[in-house]
Amino acid sequence: MNDNEIKALISLLDDDDQEITEHVEQKIRELGGQLIPYLESEWEDSFNPIHQKKIEELIHDLQYQSVLERIKIWKETGGLDLLEGLWIVATYQYPDLSLDKLRHEIKQLYLDVWLEGKSDMHPIDQIKTLNTVFFNKLKFAANTKHFHSPSNSMINVVLESRRGNPISLCVIYMMIAQQLDLPVYGVNLPSLFVLTYKKDHTQFYINVFNRGLVFSKSDIDHYIGQLNLKPADTYYQPCTNQDIIRRVLRNLMLAFEKIGDTGRVREVEQLLNALHDEGATPPLSDYTNK
């Protein structure tokens, strides 16, 4: 369809005949996200609040379908780029967000830390140096005041505000560490996401939400025991990028549940389901917050 045909189609959304408007909406959904700029232009030119509301709902639906398709493709191609996965989640609320802009921001954080580090340092000293820069110079901190806010699952908001929940702080910390060639990975503990430094026979853990506190396997043993859970490899070993994005989405679902936004809960649940292998049972960590 050319521009004039698209504009003529969208103008019919304001038709008095419900059958016509339903047909037009269906056609717009079939044509997909390419029509969003035309819908936005129609919204600006309209003075009918009911018509504007209908357009807003269509734009949201088209944007949501784009997010759903992106996350399916990300999973099918292996989910190798964690930042891309986080970007896809963020486009659910910030559809115009630039992935390149996020890459630039992470790169700048890496450079800030790189200036302070030395490659011949002991692993724990490397982490202590990273902690000093991450928390003192870059001013990242736990978002205890708005712990359950949906913004904690939006990588762009966390990068801007320097406040986040355990998993959002961990993933930023981890991406910086990995660019520094540090073997730092995510660990799916129940009710708390942490990191592990793991290389050869050296392994310890990092609680980024608690300002990079370093702890040991015995501490995890004690933590698991307090929760009356049986030890499992997932509580000690690195998780995948897909595990991380599933947990981010689960947190986002819980955030929307707490504010009573059932529509968004259902939409995020659909995104979460798109990341599960068919017939597989989601791990326990997907059903825990933080």
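1. Is Lys-137 buried, partly exposed or exposed? With a relative accessible area of 44%, Lys-137 is partly exposed, and its side chain forms a salt bridge with Glu-116 in which the closest N and O atoms are 3.9 Å apart. Because Lys-137 belongs to helix H7 (residues 123-137) and Glu-116 to the loop between H6 and H7, the pair ties together parts that are 21 residues apart in sequence. Glu-116 is likewise partly exposed, at a relative accessible area of 43%. The model is a predicted one, and the points below should be read with that in mind.

2. As to the overall architecture, the protein contains twelve helices and six strands, and its C-alpha trace spans about 70 × 45 × 35 Å along the principal axes. Of the 290 residues in the protein, 47% are buried.

3. The search of the whole structure for salt bridges finds eight. One of them joins the side chains of Asp-61 and Arg-29, at 2.7 Å from N to O; since Asp-61 lies in helix H4 and Arg-29 in helix H2, this pair ties together parts that are 32 residues apart in sequence. Both ends are partly exposed, Asp-61 with a relative accessible area of 24% and Arg-29 with 39%. The two residues also belong to a network of salt bridges that links Glu-25, Arg-29 and Asp-61.

4. A salt bridge within one helix is found between the side chains of Asp-243 and Arg-246, at 2.6 Å from N to O. Both residues lie in helix H11, three residues apart, which is about one turn of the helix, and both are buried. Arg-247, also placed in helix H11, counts as buried because its relative accessibility is 0%. The C-alpha atom of Arg-247 is separated by 39 Å from that of Thr-21, a residue 226 positions away along the chain.

5. Turning to the aromatic residues, the count comes to eight aromatic pairs. Tyr-92 and Phe-256 form an edge-to-face pair, 6.4 Å centre to centre and with 70° between the planes. Tyr-92 lies in the loop between helix H5 (82-90) and helix H6 (99-114), whereas Phe-256 lies in helix H11 (residues 241-258), so the pair ties together parts that are 164 residues apart in sequence. Both Tyr-92 and Phe-256 are buried.

6. The rings of Phe-147 and Phe-209 have their centres 5.7 Å apart and their planes at 75°, and the pair is therefore edge-to face in the sense of planes over 60 degrees apart. This pair links distant parts of the chain, 62 residues apart, with Phe-147 in the loop between strand E1 (141-142) and helix H8 (155-161) and Phe-209 in the loop between strand E5 (202-207) and strand E6 (213-215). Phe-147 counts as buried at 17% relative accessibility, whereas Phe-209 is partly exposed at 22%. Elsewhere, ring pairs link Phe-134, Phe-135, Phe-140 and Tyr-173 into a cluster.

7. On the surface, Asp-14, Asp-15, Asp-16, Asp-17, Glu-19 and Glu-22 form a negative patch. Within this group, Asp-17 is found in the loop between helix H1 (3-11) and helix H2 (18-31), and is partly exposed with a relative accessible area of 36%.

8. A last point concerns Lys-72, placed in helix H4 (residues 49-76) and partly exposed at 32% relative accessibility. Lys-72 and His-276 are 204 residues apart in sequence, and their C-alpha atoms are 10.0 Å apart in space.

Definitions and conventions. Residues numbered from 1 in each chain as written. Predicted model: local features only at pLDDT ≥ 70, side-chain atom pairs only at ≥ 80, totals over all residues. Heavy atoms only, no water. Patch = residues over 30% accessible without salt bridge, like charges linked within 9 Å, V, L, I, M, F, W, Y side chains within 5 Å. Areas by Shrake-Rupley, 256 points an atom, 1.4 Å probe, with all protein chains shown as cover. Salt bridge = Lys/Arg side-chain N within 4 Å of Asp/Glu carboxyl O. Lys, Arg positive; Asp, Glu negative; His and termini not counted. Charge placed at Lys NZ, Arg CZ, Asp CG, Glu CD. Helix = DSSP H or I, 4+ residues; strand = E, 2+ residues; numbered from the N terminus. Buried < 20%, exposed > 50% of the residue type's maximum accessible area, 1.4 Å probe, protein only. Phe/Tyr/Trp six-rings, centres within 6.5 Å; stacked < 30°, edge-to-face > 60°.
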